[in-house]
Amino acid sequence: VGITAVGIFVLVLSSRHMLNTLEESWEKGKQAVEEQKKSFHRLVVAMYPKFASEQLLAQESHIVMEVSEATVLFSDICNFTALTNTITASAMLEWLGYVFGSMDCVARHYKIYKVKTIGDAYFAISGPDCLIEDPDLNAQGGPTLRMLRFASDCVQIFSGLYEHPDAGSCVKAMAERSAIIARDTRGKKSSLHSSVVSGGTTRSAMTKGSSFQCAMRYGISVGPVTIGVLPGERPMFDAWGKTVNLAARMESSGEGMMIQCSESAYKAVAGDPYSPFSFEAPRTVYAKGFGNVPAYFLKRSSVNVPRDLQMELGLEVAIGGYAFAAFRDRAGAVAGFGTGGQVIPPANSRPPPRESTADLVVSVSVPPPQSARSLTVEDC
C-alpha cells in the first residue's frame, strides 16, 4: 500500500510538472505570436498610408481610391549612369542612402508622402488627406505650395550652399564627383553650384571640398490621381494617372538643379499672394503622351531652408550670413537670399560691399578636414 501511495504521489507530481511546463510553453508561444503580430502591424503601418494599412490588416485585397486633386513630384539624379561607373556598389548605397534619407526628412517636415524611390528617382505626393492624417496638415500652405517648398529646400540642400559635417568624407567625395560630372556635361550653362556671386567668385570655388552637391532635376504637376495597393506576393502602394505621367515628363525634360512645373502646378500657386515663389516665362516642351505642353521653371524664392530643419539635418551655411544665389534667372539676374528667410535685393540694387569679395571669401571659407582632402573617389 505504501509503495502504491508513493507511486501515485510521484505520478501526480510528474503530471503537474508536465502541465506547468506545457502551460509555460503555451504562454511563451502566445507571447511570441503577439509580438509577431505587433511587429507585422508596425511594419504595415510604416509601409502604407493609414487608409491602406487599415484595409490590409482587415485582409481586404481590393484597395484603391480616386483623388480629385493631388500634387505629384518626381526627382532624378543627373547623369547617374556615369556616376555609377566610377564608384563601388557599397559607396553608391551609402551615397543614395544619405541623399534619399535627407529628402525623407524634408518630406516629413512639410508633410509630403513619399510613394517610393525608383532607382535614383524620388516619387512623392501631397494633397490627399488620407495619406497623412494631421490636423495641421495645411498650416504651412496648400499641397502644391508645400511641395514647392520641399523641392526648393532639396535644391538648396544639395547645391553646395550648405556644409554637411555628418555626411562622412566618402559621401562628400562622391557628391563632389557627381557635381563634376554634371558640370562637365552641361558645358558652360550656369547652375546653382556654379552661380556667380558679387565680385565674380563662383560658389563652387568658395566651398570646394567642404560642401555636399547632388545635381537633380525636379518635375511637379497637379491634377487627379488614382492611389491604391497593387496585389501580389509583394503588395505595393502606388499612384497612377495622367498627373503622375506629366510630373515625370516635367522632370525628364527639365534641367539639373531646376524645378519645372506643369501649367496646372503653376496656376495652383501663381495667384497665391502668400506664395514666395515666382516663375520664369513659360516655355514649350514635348511630353510623351501629351504632345507640346507649356512648362514653367521656378525662378526664385524668399524662403531659405528653415533653421529647425537645418539643425535636424546637421547642416551649416557654407559662407555664414552672406547672401547666396538660390535660383538662377535666365535673363542673367540672380535672386539673392540671406539667412533667416529675409530677401536680399539683387547686387545691382545694393550698395557695394565695404570689403572686396576676395577678402570676404578668405575670412569665411571653411577648409575641409585632412581626411576629406586626401580621399579620392577610387578609395570609396
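**Note on the predicted model: Tyr266, strand β3 and an aromatic cluster**

1. Tyr266 is found in helix α9, which spans residues 263-270, and the model in which it is described here is a predicted one. With a relative accessibility of 26%, Tyr266 counts as partly exposed, because burial would require a value under 20%. Leaving aside residues up to four places away in sequence, Tyr266 touches Cys261, Phe279 and Tyr296. The C-alpha atoms of Tyr266 and Ser221 are 8.4 Å apart in space, although the two residues are separated by 45 residues in sequence.

2. As for the overall make-up, the protein has twelve helices and 14 strands, and 46% of its 380 residues count as buried. Among the contacts between residues at least 6 apart in sequence, 72% join residues that are at least 24 apart. The protein exposes about 19,400 Å², of which carbon and sulfur atoms supply 56%.

3. Strand β3, residues 121-126, is largely enclosed by the rest of the structure, because six of its six residues are buried. In a regular strand the side chains alternate between the two faces of the sheet. In β3, Ala121, Phe123 and Ile125 point one way, whereas Tyr122, Ala124 and Ser126 point the other way, and all of these residues are buried.

4. Which strands pair with β3, and in what sense? Strand β1, residues 63-77, pairs with β3 in the antiparallel sense over six bridges, and within this pairing Val72 stands opposite Ile125 of β3. Strand β2, residues 113-118, also pairs with β3 in the antiparallel sense, here over five bridges, and Lys114 has Ala124 as its bridge partner in β3. The strands β2 and β3 form a hairpin with two residues between them, and Gly119 in the turn has a positive phi of about 65°.

5. A search of the whole structure finds eight aromatic pairs. One of them is formed by Phe51 and Phe237, whose ring centres are 6.4 Å apart and whose planes stand at 75°, so the pair is edge-to-face. This pair links distant parts of the chain, since Phe51 belongs to helix α2 (residues 50-57) and Phe237 to strand β6 (residues 236-240), 186 residues apart. Both rings belong to buried residues: Phe51 has a relative accessible area of 9%, and Phe237 has a relative accessibility of 4%.

6. Phe237 also forms an edge-to-face aromatic pair with Tyr113, with 5.6 Å from centre to centre and 85° between the planes. Tyr113 lies in strand β2 and Phe237 in strand β6, so this pair ties together parts of the chain that are 124 residues apart in sequence. Tyr113 counts as buried at 13% relative accessibility, and ring pairs link Phe51, Tyr113 and Phe237 into a cluster. Strand β2 therefore appears in this note twice, as the strand of Tyr113 in the ring pair with Phe237 and as an antiparallel partner of β3.

7. On the surface, Val6, Phe9, Val10 and Leu13 make a nonpolar patch of about 380 Å². Is Val6, one of these residues, buried or exposed? Val6, placed in helix α1 (residues 2-47), is exposed, because its relative accessible area is 52% and the exposed class begins over 50%.

Notes
Residues are numbered from 1 along each chain as its sequence is written. This is a predicted model: local features need pLDDT of at least 70, side-chain atom pairs count only at pLDDT 80 or more; totals for chains, interfaces and linings use all residues. Side-chain values use heavy atoms; hydrogens and water are left out. Buried means under 20% relative accessible area, exposed over 50%, partly exposed in between (1.4 Å probe, protein chains only). Helices (H or I, at least four residues) and strands (E, at least two) are DSSP runs, numbered from the N terminus. Two strands pair if DSSP finds at least two bridges between them. Patches are made of residues with over 30% relative accessible area and no salt bridge: like charges are joined within 9 Å, nonpolar side chains (Val, Leu, Ile, Met, Phe, Trp, Tyr) within 5 Å. Accessible areas come from the Shrake-Rupley method with a 1.4 Å probe; for residues, only the protein chains shown count as cover. A salt bridge is a side-chain nitrogen of Lys or Arg within 4 Å of a carboxyl oxygen of Asp or Glu. Contact means heavy atoms within 4.5 Å. Rings of Phe, Tyr and Trp (its six-membered ring) pair if their centres lie within 6.5 Å; planes under 30 degrees apart count as stacked, over 60 as edge-to-face and the rest as tilted.
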